[in-house]
Every structure is written in structure tokens, then in C-alpha cells.
Amino acid sequence: MTIPRRSWRGAGTFVAAAVVGLTGGVISAGPAAAHTPTWAVTCSEVTVDLTNYTAGVPNTVTVTVDGKDLLPTETFGREFHKKLRLPEHDEPVTVRLVVKDAEGDGKYSIDKTETAEVCEKPSPTPPTPTQPAPSETTGTPEPSATPSEKPSESAPAVPAPSPSSPNLAETGSSSSTPVIGGAAVAVLLAGGGIMWSVRKRRTAQN
């Protein structure tokens with residue numbers, strides 16, 4: 001079976017159109033995917049993502065906060081990704097991103113600013129009042145034992161007077177009283193005997 005020449009021409013035209021369509025689609029998709037800078041600013045950090053830049057050229061990126069360097073100028077190639085911590089601040093601050101595209105006339109360079117608000121501090125949670133645990137000894141205390149009338153056995157004994165201690169105060173008697181009394185009786189007896197002897201002699205002389 002032979003295909004007519006006109007059919008070959010129509011098929012060739014169709015194939016050529018399809019190739020041109022695909023080529024155009026690829027070409028148009030190229031610029032859309034190139035030079036994609038994205039960044040995000042919160043109250044505490046800055047995120048920078050730069051993709052599809054031209055490699056081999058000195059592209060640069062800089063981030064400042066209220067005019068002070070947060071990220072000093074840094075050179076990158078095809079991609080750049082970094083997350084930066086913002087300094088603590090008690091009022092809103094201005095964050096600036098500067099990207100310089102080193103390819104051609106630098107038409108993909110950007111210079112943008114965002115405001116970083118103050119982070120809200122969580123309110124302190126009030127402490128939960130704690131109730132004291134009931135004591136196990138809250139009952140009526142038992143009365144203390146009645147004090148004993150007997151002296152304590154541990155009371156120190158009264159020391160006996162030492163033999164060498166001075167005599168107690170005189171109370172009308174003395175240890176020498178019996179001796180004196182005995183001597184007086186002996187004197188009386190001796191005197192009575194003498195008188196009896198004298199009388200007997202006198203009687204005998206008469």
C-alpha cells in the first residue's frame with residue numbers, strides 16, 4: 001500500500017508543529033524558573049532562600065536590621081539558603097534584604113524591607129495554691145501524767161557531814177559532860193570517905 005505524497009507533507013507539518021510547540025514550552029518555562037528570591041520575616045528570625053541564580057558569577061546578599069548588619073555581604077552562586085536569628089527588641093525593627101545579581105545588567109537584583117514586630121511574651125501562669133495536708137496528730141492531746149508526790153530517785157542525796165568538819169552549834173550539852181559528871185561523883189565519894197575516916201579516928205580516941 002502506497003501513501004500519497006500529500007499525506008507525507010501533512011504528517012511532516014504536524015511533526016514540525018509539535019516540535020516547535022514543545023520547544024516553545026521549554027523556552028518559556030526557563031525564565032519562570034530562574035532567579036527565585038524568597039524570604040520571610042517573623043518577630044524572632046529572618047529566612048532567606050535564593051534559587052536558580054547563575055552559577056560562576058559573584059552574586060551577593062546582605063541583610064540589615066535598622067541599618068546594622070545582621071548578615072554582612074556574602075557571595076553566593078546558584079543557590080543561597082540561610083536562617084538568621086533576630087536580636088531581642090522591645091519595639092518593631094526594620095529588616096532589609098539586598099540581593100545583587102551579577103549576571104548581565106543585574107535586572108534580577110532586589111532591595112526589599114519588612115518590619116519585624118515585637119514577640120509577645122507569654123503571660124505568667126499564677127501559681128496554684130496548695131492546701132496543707134491534714135496532719136495525723138490533730139486529735140485532742142492526751143493529758144500529761146500526774147506528777148508523782150514521791151521524790152525522784154535520781155535526786156542527789158544530802159551529803160553526810162564530814163568527821164573533819166567543825167562541830168555543830170552548841171545546844172546545851174557536850175561530849176565532855178559525862179566525864180565531868182563522873183569526876184564530880186568521884187570527888188564527892190573521896191570527900192565522904194575522908195570525912196568518915198576522920199570521924200572514926202575521933203571516936204576511937206575518946
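**Note on strand E3 and its surroundings**

1. Strand E3 and strand E6 (residues 93-100) run antiparallel and are joined by 6 bridges. Within this pairing, Thr64 sits opposite Arg96 in E6. The model is a predicted one, so what follows describes a prediction.

2. E3 also has a partner in strand E4 (residues 68-76). That pairing is antiparallel too, and it extends over 6 bridges. Here Val63 is the residue that faces Leu71 in E4.

3. How many residues lie between the strands in the hairpin of E3 and E4? There are 2. Asp66 is in the loop between E3 and E4. Its phi is near 50 degrees, a positive value in a residue other than glycine. Most residues other than glycine have a negative phi. Asp66 counts as partly exposed because its relative accessibility is 47%, which lies between the 20% and 50% cut-offs.

4. A second positive phi occurs at Asn52, with a value near 60 degrees. Asn52 belongs to the loop between strand E2 (45-51) and E3. Asn52 has a relative accessible area of 24%, so this residue is classed as partly exposed.

5. Is E3 mostly covered or mostly open? The strand is mostly covered, with 7 of its 7 residues buried. In a regular strand the side chains alternate between the two faces of the sheet. Both faces of E3 are covered. One side carries Asn59, Val61, Val63 and Val65, and the other carries Thr60, Thr62 and Thr64; all of these are buried. For the protein as a whole, 15% of the 206 residues count as buried.

6. Thr62 deserves a separate look. This residue is found in E3, which spans residues 59-65. Why does Thr62 count as buried? Its relative accessible area is 15%, and the class applies because that value is under 20%.

7. Which side chain does the side chain of Thr62 meet in a polar contact? The partner is the side chain of Thr73, at 2.8 Å. Thr73 also appears in the contact list of Thr62, which leaves aside neighbours within four places in sequence. The rest of that list is Asp69, Leu71, Pro72, Arg96, Leu97 and Val98. Two residues already named recur here: Leu71, which stands opposite Val63, and Arg96, which stands opposite Thr64.

8. On the overall fold, the protein has 2 helices and 7 strands. Along the sequence the order is α-β-β-β-β-β-β-β-α. Among contacts with a separation of 6 or more, 51% come from residues 24 or more positions apart.

9. Last, the pockets. Rolling a probe the size of a water molecule over the atoms shows where empty space is left. The largest pocket has a volume of about 230 Å³. Its lining includes Cys43 and Ser44, the run Arg85, Leu86, Pro87, Glu88, His89 and Asp90, and also Val118, Cys119, Glu120 and Lys121. What is the lining by class? It has 5 nonpolar, 2 polar and 5 charged residues. Glu88, Asp90 and Lys121 are among the lining residues that count as charged.

Conventions: Residues are numbered from 1 along each chain as its sequence is written. This is a predicted model: local features need pLDDT of at least 70, side-chain atom pairs count only at pLDDT 80 or more; totals for chains, interfaces and linings use all residues. Side-chain values use heavy atoms; hydrogens and water are left out. Helices (H or I, at least four residues) and strands (E, at least two) are DSSP runs, numbered from the N terminus. Buried means under 20% relative accessible area, exposed over 50%, partly exposed in between (1.4 Å probe, protein chains only). A polar contact is a pair of N or O atoms within 3.5 Å; within protein, one must be able to donate a hydrogen and the other to accept it, and residues adjacent in sequence count only if both atoms are side-chain atoms. Contact means heavy atoms within 4.5 Å. On a 1 Å grid over the protein atoms alone, a cavity is a set of points where a 1.4 Å probe fits but cannot get out, and a pocket is an open set with protein on both sides within 12 Å along at least five of seven lines; lining residues have an atom within 4 Å of a point. Grid points are joined across faces, edges and corners, and a volume is the space filled by probe spheres set on the points. Two strands pair if DSSP finds at least two bridges between them.
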